Amino acid sequence: MKYKKEKLKAFTLLEIIIVLVVISIFLLVALPSMNKFADSAKNKSDELNMLAIKEAATLYLAENPGIINSQNNKQILEVKTLVEEGYLDIKNLKDSDENEFKSPKTNLKYEVTFDKNHVIVSNGTDKIGLPKDNTHDSENK
């Protein structure tokens, strides 16, 4: 009786190594792109948070004019006050928890400063609401 030797069908070590190399190359190319998208999302989220805080602070100050100092000194307004007074919904602040109103970009608390004419919101590095530079407008007239 002759026994037939069955040939096992399996991947060779070389084939497995080639597949691992190809996957590694793909990951080396894809990971930096994914990090860019994540950073871009954090930046956009942070910008939208600051705009929402600025609008809420502007409305709060318009409805409470007695808060504004007559000497035009810069004053600080807490984000927590805007939430407690109902001017800002915590659900609208992306990536913030209920107690800490931190920027997803810098992980620092948002700071709202104001004077008679401007409301400025800062995340520690960027600011929204700064007065525009009008020097270019006067040159064009």
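This report describes the nonpolar core and the strand pairing of a predicted model.

## Basis

Local features in this predicted model require pLDDT of at least 70 and side-chain atom pairs count only at pLDDT 80 or more, while totals for chains, interfaces and linings use all residues. Residues are numbered from 1 along each chain as its sequence is written, and side-chain values use heavy atoms, with hydrogens and water left out.

## Nonpolar core

The largest nonpolar core (buried Ala, Val, Leu, Ile, Met, Phe, Trp, Tyr and Cys residues joined through side-chain atoms within 4.5 Å) has 17 residues. Ile53, Leu77, Val79, Leu82, Tyr110 and Val112 have the most contacts inside this core. At least two core residues come from each of α1 (13-63), α2 (79-84), β2 (111-114) and β3 (119-122); helices (H or I, at least four residues) and strands (E, at least two) are DSSP runs, numbered from the N terminus. The largest share, six residues, is supplied by α1.

Beyond its neighbours within four places in sequence, Leu82 is in contact (heavy atoms within 4.5 Å) with Ile53, Ala56, Ala57, Tyr60, Leu77, Tyr87 and Leu88.

## Strands β2, β3 and β4

Strands pair if DSSP finds at least two bridges between them. β2 and β3 run antiparallel, joined by four bridges, and form a hairpin with four residues between them. Within this pair, Phe114 stands opposite Val119. β3 is also antiparallel to β4 (residues 127-128), through two bridges, with Ser122 and Lys127 as bridge partners. Four residues separate β3 from β4 in their hairpin, and Gly124 in the turn has a positive phi of about 110°.

Both faces of β3 are covered: Val119 and Val121 on one side, and Ile120 and Ser122 on the other, are all buried (under 20% relative accessible area, with exposed over 50% and partly exposed in between; 1.4 Å probe, protein chains only). In β2, Thr113 is buried at a relative accessible area of 14%.
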